[in-house]
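The following exercises are to be worked through with the structure in view. Each task is followed by a solution in steps.

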Amino acid sequence: MFDGILADLIDELGRLPGIGPKGAQRIAFHLLSADPADVRRLVAAISRLKEKVRFCELCGNVTEDQRCRICRDPRRDPTVLCVVEEAKDVVAIERTREFRGRYHVLGGAISPIDGVGPDDLRVRELMARLAGGEVSELILATDPNLEGEATAAYLARLVKPMGLKVTRPASGLPVGGDLEYADEITLGRAFEGRRLLDV
Ligand SMILES: [Zn+2]
């Protein structure tokens with residue numbers, strides 16, 4: 001429908017998650033008529049993101065340093081480790097103020113349909129951390145949906161020989177949902193009432 005530069009931009013925007021062809025078109029035309037200074041700020045923010053922001057070498061959370069703020073904080077309890085799918089889940093759990101341990105971000109969930117297996121996630125890194133012997137409780141806070149449950153079950157079986165206390169946030173979270181969309185109170189309660197995961 002369009003060609004050249006405008007078509008290229010619509011094409012690129014359309015690849016972004018949550019933006020369909022119509023949304024891509026709307027954003028492209030918005031940028032075309034926007035103040036050049038605003039557009040430059042947006043471009044600069046994207047460039048800085050790719051230059052400066054990376055994943056914490058220890059837990060996989062986002063950071064501008066080698067290690068994230070939580071891994072660097074000596075007040076965080078090193079004996080409780082909470083496994084989540086994405087860095088945005090860390091933000092959701094931090095908002096509840098219920099959790100004072102540390103995190104491990106997997107980078108997704110096991111999903112055979114999408115071709116995602118344990119080797120595609122930061123499972124090896126998790127096992128290396130657990131081998132350190134400092135962790136006594138592992139909270140499997142993957143999403144309360146099919147892939148999240150399967151991932152939690154897989155990890156629970158994997159770490160079983162290590163004799164850790166393995167827990168999962170209590171029910172009450174919207175089933176089939178995404179951890180990040182749970183409200184703070186619900187998520188906080190789910191953490192408080194976490195149950196032992198016996199496999
Ligand atoms: Zn970290």
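**Exercise 1. Determine how helix α6 and helix α7 are oriented relative to each other in this predicted model, and which residues form their contact.**

Solution.

Step 1. Locate the two helices: α6 covers residues 123–131 and α7 covers residues 146–159. Their axes lie 12 Å apart, and the packing angle is about 40 degrees.

Step 2. Classify the angle. Angles under 35 degrees count as roughly parallel, and those from 65 to 115 as roughly perpendicular. The angle of about 40 degrees belongs to neither class, and therefore α6 and α7 are oblique to each other.

Step 3. State the handedness: α6 and α7 cross in a right-handed manner.

Step 4. List the residues that meet. From α6 these are V123, L126, M127 and L130, and from α7 they are Y154, L155, L158 and V159. Sorted by class, the residues of this contact comprise eight nonpolar, no polar and no charged.

**Exercise 2. Carry out the analysis for helix α1 and helix α2, and state the classes of the residues in their contact.**

Solution.

Step 1. Helix α1 consists of residues 4–14 and helix α2 of residues 21–33. The two axes come within 8 Å and cross at roughly 130 degrees.

Step 2. An angle must be over 145 degrees to count as roughly antiparallel, and the range for roughly perpendicular ends at 115. The crossing at roughly 130 degrees therefore makes α1 oblique to α2.

Step 3. The crossing of these helices, α1 and α2, is right-handed.

Step 4. On the α1 side, the contact involves L6, L9, I10, L13 and G14. On the α2 side, A24, Q25, I27, A28, F29 and L31 take part. The class count for this contact is nine nonpolar, two polar and no charged residues.

**Exercise 3. Describe the salt bridges of R15, D65 and D73, and decide for each partner whether the residue is buried, partly exposed or exposed.**

Solution.

Step 1. Begin with the total: the structure contains nine salt bridges.

Step 2. Consider R15, which is bridged to E12 with the closest N and O atoms 3.6 Å apart. R15 has a relative accessible area of 58% and is exposed, while E12, at 46%, is partly exposed.

Step 3. Consider D65, whose partner is R72; here the closest N and O atoms are 3.2 Å apart. D65 is partly exposed with a relative accessible area of 39%, and R72 is partly exposed with 46%.

Step 4. Consider D73, whose side chain meets that of R75 in a salt bridge of 3.1 Å, N to O. R75 has 65% relative accessibility and counts as exposed. For D73 the value is 13%; because buried means under 20%, D73 counts as buried.

Step 5. Look for shared partners: D11, E12 and R15 are joined into one network by salt bridges that have partners in common.

Step 6. Place D73 in the chain. D73 lies in the loop between α4 (69–72) and β3 (80–84). Leaving out residues up to four places away in sequence, D73 touches R100 and R102.

**Exercise 4. Compare the settings of two loop residues, R97 and L164: where does each lie, and is each buried or exposed?**

Solution.

Step 1. R97 is found in the loop between α5 (87–96) and β4 (102–105). At 75% relative accessibility, over the limit of 50%, R97 counts as exposed.

Step 2. Examine the backbone of R97: phi is near 60 degrees, which is a positive value in a residue other than glycine.

Step 3. L164 is found in the loop between α7 and β6 (165–168). With 19% relative accessibility, L164 counts as buried.

Step 4. List the contacts of L164 outside its neighbours within four places in sequence: L130, V135, S136, L138 and V159. Two of these residues, L130 and V159, also appeared in the contact between α6 and α7.

**Exercise 5. Summarise the chain as a whole: how many helices and strands does it have, and what share of its residues is buried?**

Solution.

Step 1. The chain has eight helices and seven strands.

Step 2. It has 199 residues, of which 40% count as buried.

Step 3. The C-alpha trace spans about 60 × 35 × 35 Å along its principal axes. As an example of a distance within the chain, L164 and R48 are 40 Å apart, C-alpha to C-alpha, and 116 residues apart in sequence.

Step 4. Of the contacts between residues at least 6 apart in sequence, 57% join residues at least 24 apart.

Terms used:
Residues numbered from 1 in each chain as written. Predicted model: local features only at pLDDT ≥ 70, side-chain atom pairs only at ≥ 80, totals over all residues. Heavy atoms only, no water. Salt bridge = Lys/Arg side-chain N within 4 Å of Asp/Glu carboxyl O. Buried < 20%, exposed > 50% of the residue type's maximum accessible area, 1.4 Å probe, protein only. Helix = DSSP H or I, 4+ residues; strand = E, 2+ residues; numbered from the N terminus. Contact = heavy atoms within 4.5 Å. Axes fitted to C-alpha atoms, helices over the stretch in contact; angles between N-to-C directions. Left-handed = near helix turned anticlockwise from the far one by under 90°. Nonpolar A, V, L, I, M, F, W, Y, C, P; charged D, E, K, R; others polar.
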